[in-house]
Amino acid sequence: MPGPSGLPGPSAAAGTPAAPHAVSRLRTARLARSAKPFLARGGIKGERCPGCRLVPSHCLCALHPLLPTRAGMCLLMADIEPLKPSNTGWLIADVVPDTFAFGWARTEVDPALLTLLADPQWEPYVVFPGEFVAPERVVTQVAVPRAGVEPARGKRPLFILLDATWAEARKMFRKSPYLAQLPVLSLQPEQISRYQLRRSHRSDHFCTAEVAALCLDLAGEPQAGETLQAYLDVFTHHYLQSKHQLPPDWQGDAHARLRVARTAPPPALP
């Protein structure tokens with residue numbers, strides 16, 4: 001049954017999760033190694049939908065706005081990030097088809113990650129603040145096709161996102177030698193973070209999905225960036241409403257933005 005906004009309501013969404021994506025598979029693997037259940041601090045209690053991690057009454061599975069994108073996303077995730085119900089890397093994988101997810105460890109690296117970084121179809125960029133990097137490694141733009149012409153070498157941008165707390169991300173950046181030769185994309189966003197589920201002390205620290213949306217904009221895919229941002233806002237609204245035992249507002253601004261993004265003509269990939 002559709003909600004008041006014209007989007008599918010909870011009865012249509014519940015129980016119809018999409019096929020497991022990279023973050024979902026990483027979460028399953030991480031849970032298999034756990035000696036005890038993961039309990040999110042201050043999170044939603046009770047049954048959760050396996051497709052979106054929300055309670056069934058607030059399920060988002062029918063709203064997955066999967067879009068074709070030229071850009072890819074590579075998530076390097078700190079140990080418990082895949083287990084957190086508020087993790088927004090999951091949302092990136094819902095939207096961007098070519099999303100890859102790997103657990104990070106200081107002493108070892110997944111061979112599949114090294115294979116991905118060496119794949120000639122991709123142009124990898126580590127997304128990290130330029131103030132912490134040697135200037136010669138820092139870039140602020142990525143090559144995008146113009147007038148149907150492919151960028152140099154025909155490579156697609158692959159954005160490497162360190163999905164962790166800020167302290168963990170700095171450690172991951174310093175202690176990952178396989179990233180040391182890659183260009184570092186330093187974002188220069190003009191807006192402040194709107195994320196409400198986990199707050200940094202600095203307004204210029206963005207959640208992972210916000211960073212991905214900014215990267216999509218830089219890659220010349222503004223529709224995908226706007227869709228991801230709207231989807232993040234809807235997820236945040238449903239998460240907080242569920243936490244406070246309130247129904248989601250299907251007529252709210254976030255749902256309206258997502259509806260517009262979902263019904264826009266699909267982008268043409270070069």
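A residue is called buried when its relative accessible area is under 20%, and exposed when that figure is over 50%. With that in hand, the predicted model can be walked through strand by strand.

Strand E3 is a good place to start. Six of its six residues are buried, so by that cut-off the strand is mostly covered. Its side chains split into two sets: Trp122, Pro124 and Val126 point one way, while Glu123, Tyr125 and Val127 point the other way. Both sets are buried.

E3 also has partners. It pairs with strand E5 in the parallel sense, over five bridges, and one of the residues involved is glutamate 123, whose bridge partner in E5 is proline 157. E3 runs parallel to E6 as well, this time with two bridges joining them. Here valine 126 of E3 has valine 184 of E6 as its bridge partner.

Back to E5, which spans residues 156–163 and includes aspartate 163. Aspartate 163 has a relative accessible area of just 3%, so it counts as buried. What does it touch, once neighbours within four places in sequence are set aside? Its contacts are Leu76, Met77, Ala78, Glu81, Asn87, Gly89 and Thr208.

Next comes helix H5, made up of residues 166–174, where the buried residues are Ala169, Met172 and Phe173. These three cover an arc of only 100° around the axis, so they sit on the same side of H5. The face turned away from that buried side carries the exposed residues Ala167 and Arg174. And what do the buried residues of H5 pack against? They pack against four strands that can be listed by name: E1 (72–77), E3 (122–127), E5 and E6 (184–185).

Finally, a look at some backbone angles. Most residues other than glycine have a negative phi. Arginine 53 has a phi near 75°, a positive value in a residue that is not glycine. It is found in the loop between helix H2 (22–32) and E1. Glutamine 245 is another non-glycine residue with a positive phi, about 60°, and its loop lies between helix H7 (222–243) and helix H8 (253–263). Are these two loop residues buried or exposed? Arginine 53 is buried, because its relative accessible area is 3%, whereas glutamine 245 is exposed, because its relative accessibility comes to 74%.

Note on methods: Residues numbered from 1 in each chain as written. Predicted model: local features only at pLDDT ≥ 70, side-chain atom pairs only at ≥ 80, totals over all residues. Heavy atoms only, no water. Buried < 20%, exposed > 50% of the residue type's maximum accessible area, 1.4 Å probe, protein only. Contact = heavy atoms within 4.5 Å. Arc of directions from axis to C-beta. Pairing = 2+ DSSP bridges.
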